[in-house]
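Me: I would like to go through this structure term by term and ask what each label rests on. Please set the values against the cut-offs where one is needed.

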Amino acid sequence: MKIRVRYFALFREQAGCDSEYVNWTGGTAAELFQEMAERHPSLQNQAAALVAINDEMSAWETALKEDDEVLFFPPVAGG
Amino acid sequence: MKFSVSDTVIDVDAARAAVADRHCGALVVFEGWIRNHNEGQEVERLEYEVYRPVAEKEGAKIIDEALTRFAISHAVCIHREGLLELGECAVVVCVSAAHRDAAFDACRYIIDQTKTRLPIWKKEHYVTGVSEWVNCENCAAAGHSHGDR
């Protein structure tokens, strides 16, 4: 399936790009992150990272669908 | 708008005016400022990155939750994005209520939730010329497992 991935803040720097389209066998958002971490060795998992799918905050266990836009948020630090 | 993101100086007076109500006997205002130090390092300035589509939606949810959970009348929160200098206001929360207890509690709830749920990141620029994303290193050191969620 085709998925659009977007990276923010630290993740953008680690991935070396702010977005990309990936062809992928399918699975959860957490599995997609692991796949992207293999493609971008600098991209590292973080305990407090968050994920949004199509601009909605989501659980890492959410199964992705064709044409989803997945947003990987490193640990947030507002305020 | 109850929650908004601003790329210019926050108008705190306007935020206060937005929650003004003659039924209210209490106004609690929290301002978060850019301080000159963090974890032993001297900070020169700070940069906020905000992903607005989700921050605005989730921010509005936080305000709605506060209005439901606490006996308050009005609440607004404004968060900055972009490059901020020392002493500037990074975030303001204004809550009005009939009585002060609920206003304090709701204000605390809104700022705490804003810090942990919204896609907002800050990069500190130190006087040494080094800059880094705040918090991320601690999390990386703690390790990560998405499967544990």
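Me: Which residue in β5(A) stands opposite A:Leu50?

Reply: In this predicted model, A:Leu50 has A:Phe73 of β5(A) opposite. The two strands concerned, β3 (residues 50-53) and β5 (residues 69-73) of chain A, run antiparallel and are joined by 4 bridges. Pairing requires at least two bridges, so β3(A) and β5(A) count as paired.

Me: What is the strand order of the sheet in chain A, and why are β2 and β4 of chain A said to stand at the edges?

Reply: The order is β2-β1-β5-β3-β4 in an open sheet of 5 strands, and the pairing is mixed. β2 (19-23) and β4 (56-58) of chain A each have a single partner strand, so one side of each lacks a neighbour in the sheet. From one strand to the next the twist averages 30 degrees.

Me: What makes α2(A) a helix that packs on the sheet?

Reply: α2(A) touches β1 (2-7), β3, β4 and β5 of chain A. Its direction makes about 70 degrees with that of β5(A). Angles of 65 to 115 degrees count as roughly perpendicular, so α2(A) and β5(A) are roughly perpendicular.

Me: Which helices of chain A supply residues to the side that touches chain B?

Reply: The contact takes 24 residues from chain A and 30 residues from chain B. On the chain A side, α1 (9-15) and α2 (29-39) each supply at least two residues. By class, that side divides into 17 nonpolar, 5 polar and 2 charged residues.

Me: Turning to chain B, how many helices and strands does its secondary structure have?

Reply: Chain B has 4 helices and 9 strands. From the N terminus on, their order is β-α-β-β-β-α-β-β-β-α-β-β-α. Of the 149 residues of chain B, 34% count as buried. Among the contacts of chain B with a separation of 6 or more, 77% are between residues 24 or more positions apart.

Me: How do you know that β5 of chain B is mostly covered?

Reply: β5(B), residues 72-80, has 9 residues, and 8 of them are buried. The cut-off for buried is 20 or more other C-beta atoms within 10 Å.

Me: With which strands does β5(B) pair, and in which sense, parallel or antiparallel?

Reply: β1 (residues 3-6) of chain B pairs with β5(B) in the parallel sense over 4 bridges. In that pairing, B:Ser6 has B:Arg80 as its bridge partner. β7 (residues 89-97) of chain B runs antiparallel to β5(B), and 7 bridges join the two. There B:Val76 is bridged to B:Cys94 of β7(B).

Me: Why are α2(B) and α3(B) called roughly antiparallel?

Reply: Helix α2 (residues 52-69) and helix α3 (residues 100-117) of chain B pack at an angle of about 155 degrees, their axes 10 Å apart. Angles over 145 degrees count as roughly antiparallel, and the two helices are therefore roughly antiparallel to each other. Their crossing is right-handed.

Me: Which residues make the contact of α2(B) with α3(B)?

Reply: From α2(B) come B:Glu58, B:Gly59, B:Ile62, B:Ile63, B:Ala66 and B:Arg69. They meet B:Ala106, B:Tyr109, B:Ile110, B:Gln113, B:Thr114 and B:Arg117 in α3(B). By class this contact has 6 nonpolar, 3 polar and 3 charged residues.

Me: Why does B:Arg100 count as partly exposed?

Reply: B:Arg100 has 13 C-beta neighbours inside 10 Å. A residue is exposed at 12 or fewer and buried at 20 or more, so B:Arg100 falls in between and counts as partly exposed. B:Arg100 lies in helix α3 of chain B. Its C-alpha is 5.0 Å from that of B:Ala26, and the two residues are 74 apart in sequence.

Me: What makes the phi values of A:Asp55 and B:Glu39 worth a note?

Reply: Most residues other than glycine have a negative phi. Phi of A:Asp55 is near 70 degrees, and that of B:Glu39 is about 45 degrees. Neither A:Asp55 nor B:Glu39 is a glycine.

Me: Where are A:Asp55 and B:Glu39, and how exposed is each?

Reply: A:Asp55 is in the loop between β3 and β4 of chain A. With 13 other C-beta atoms within 10 Å, A:Asp55 is partly exposed. B:Glu39 is in the loop between β3 (37-38) and β4 (41-50) of chain B. B:Glu39 has 9 other C-beta atoms within 10 Å and is therefore exposed, the limit being 12 or fewer.

Methods:
Residues numbered from 1 in each chain as written. Chains lettered and ligands numbered in written order. Predicted model: local features only at pLDDT ≥ 70, side-chain atom pairs only at ≥ 80, totals over all residues. Axes fitted to C-alpha atoms, helices over the stretch in contact; angles between N-to-C directions. Parallel < 35°, antiparallel > 145°, perpendicular 65-115°, else oblique. Left-handed = near helix turned anticlockwise from the far one by under 90°. Contact = placed C-beta atoms within 7 Å. Nonpolar A, V, L, I, M, F, W, Y, C, P; charged D, E, K, R; others polar.
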